[in-house]
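Visitor: Please take me through a single part of this model, the surroundings of the ligand. I should like a close and connected account.

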Amino acid sequence: MRPEDTTKTIDAAIQAAVWAPSVHNTQPWSFAVDGEEIALRADSDRKLRVGDITGREQLISCGAALENMRIALRAMGREALVRVLPDPDRPALMATVRLGEPVEPDEHTLMLYGQVERRRTHRAGFTDQPIPDRLLDELAQQAALEGARLTPIRSTAAVRVLAALTEAAQEVQAQATLFTMDVIRWGRAPESGRADGVPAEAYPREPVTTEPAFAQRDYAHGRPWGGEADRLTATSTGLIAVLTTLADSREDWIAAGQALQRVLLHASAHDVRAAFHTQSLEMVHLREFARQELLSGEYPQMIMRLGFTPDEGIGVRRPIDEVREDTGA
Ligand SMILES: Cc1cc2nc3c(=O)[nH]c(=O)nc-3n(C[C@H](O)[C@H](O)[C@H](O)COP(=O)(O)O)c2cc1C
């Protein structure tokens, strides 16, 4: 491969990585390129101070970025040789990704790659259009490829319990100054020039109520922020699904992020979007309750609603030169 082709491929992989979802759009990562290897690091300044003391959500976010890199490399005709958490002495080093053998990209990889910049988080109701069972099976297969499980929650009672846990967590967090400071720090003002944080245009000014209601994060915090809701009149909750892992180590969190991203990209290719409600997973006792009572002992990593919406959403990201530090791995 000519050096300029290598540069192009690596740039495309990093460009894809930054379009991953991350908690509050913290984009808690950086990338260092050394020859044909990219090192993905977690940026500790961008970890939530209270909501994410263990770093679980940060590692899920980095896992999603890692998955985008793998998909981009494969789509560009190179195998990705990945080592996850390769060095115990460098805990911020999430993974190294080395360009491997040339490969012929398969259709599915190209389909996922095509969704990397299109996929968006949704923060309102969905239309009544149900998600076909066949698509749900495919989403579960995507999660399983990375060692996680995506479980659709079919029981009305279980959905109500998850909605109640979300409500309880949201209420408690809203009363806690330190929790609130995390959310305020990452709420982005309307028309702000900031390239991170949750854009005020990415949620409706008046929360859209579904039945049962899944509490949204309060990024506006009493300010008149939020997009016009007239294009967001749908009020279906959508399908609730939980992404779980069998264990709860740092490796599991990165795997959960990779699984999440495959699920979201595959869903996006079929015009299905996800809304997340992860407040209860930031509170040890509520997370443990969900694990024991609803999820057969598996560890919940993400709680989401899935469905159809005409809304396209908006996304902001930091430019590549802000996340690259090419001093060698
Ligand atoms: C671990 C994790 C937890 C998240 N939790 C929530 C949440 O509770 N509420 C929410 O609205 N979005 C949540 N999100 C979505 C992010 O806010 C979103 O990915 C980010 O703002 C970037 O926007 P985009 O996904 O539209 O590109 C979460 C994302 C991740 C990776």
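**The ligand and its surroundings**

Guide: Before turning to the ligand, one loop deserves mention: Pro-212 lies in the loop between strand E7 (198-199) and strand E8 (239-245). In this predicted model, the peptide bond joining Glu-211 and Pro-212 is cis, with omega at about 0°.

The ligand itself sits in the largest cavity. Domain 1 (3-119) and domain 2 (133-307) both contribute residues to the shell around the ligand, and the ligand therefore lies between them. The shell residues comprise 7 nonpolar, 7 polar and 6 charged. Helix H2 (residues 56-75) supplies the largest share of this shell, 3 residues. Of the 20 residues around the ligand, those that come nearest are Thr-121, Arg-123, Arg-217, Thr-278 and Arg-317.

Several side chains place polar atoms opposite polar atoms of the ligand. For Arg-217, a polar side-chain atom lies 2.8 Å from an oxygen atom of the ligand. In the case of Arg-119, an N or O atom of the side chain is 2.9 Å from a ligand oxygen atom. Thr-278 faces a nitrogen atom of the ligand instead, with a side-chain N or O atom at 2.7 Å. The ligand taken alone exposes 620 Å², of which the protein buries 99%.

One further backbone detail concerns Asn-25, in the loop between helix H1 (3-18) and strand E1 (29-34). The phi angle of Asn-25 is near 55°, a positive value in a residue other than glycine.

Methods
Residues are numbered from 1 along each chain as its sequence is written. This is a predicted model: local features need pLDDT of at least 70, side-chain atom pairs count only at pLDDT 80 or more; totals for chains, interfaces and linings use all residues. Side-chain values use heavy atoms; hydrogens and water are left out. A residue is near a molecule or strand if one of its heavy atoms lies within 4 Å of it. A polar contact is a pair of N or O atoms within 3.5 Å; within protein, one must be able to donate a hydrogen and the other to accept it, and residues adjacent in sequence count only if both atoms are side-chain atoms. Accessible areas come from the Shrake-Rupley method with a 1.4 Å probe; for residues, only the protein chains shown count as cover. On a 1 Å grid over the protein atoms alone, a cavity is a set of points where a 1.4 Å probe fits but cannot get out, and a pocket is an open set with protein on both sides within 12 Å along at least five of seven lines; lining residues have an atom within 4 Å of a point. A molecule sits in a cavity or pocket if more than half of its atoms lie within 2 Å of its grid points. Helices (H or I, at least four residues) and strands (E, at least two) are DSSP runs, numbered from the N terminus. Ala, Val, Leu, Ile, Met, Phe, Trp, Tyr, Cys and Pro count as nonpolar, Asp, Glu, Lys and Arg as charged, and the others, Gly among them, as polar. Domain bounds come from an automatic or database domain assignment.
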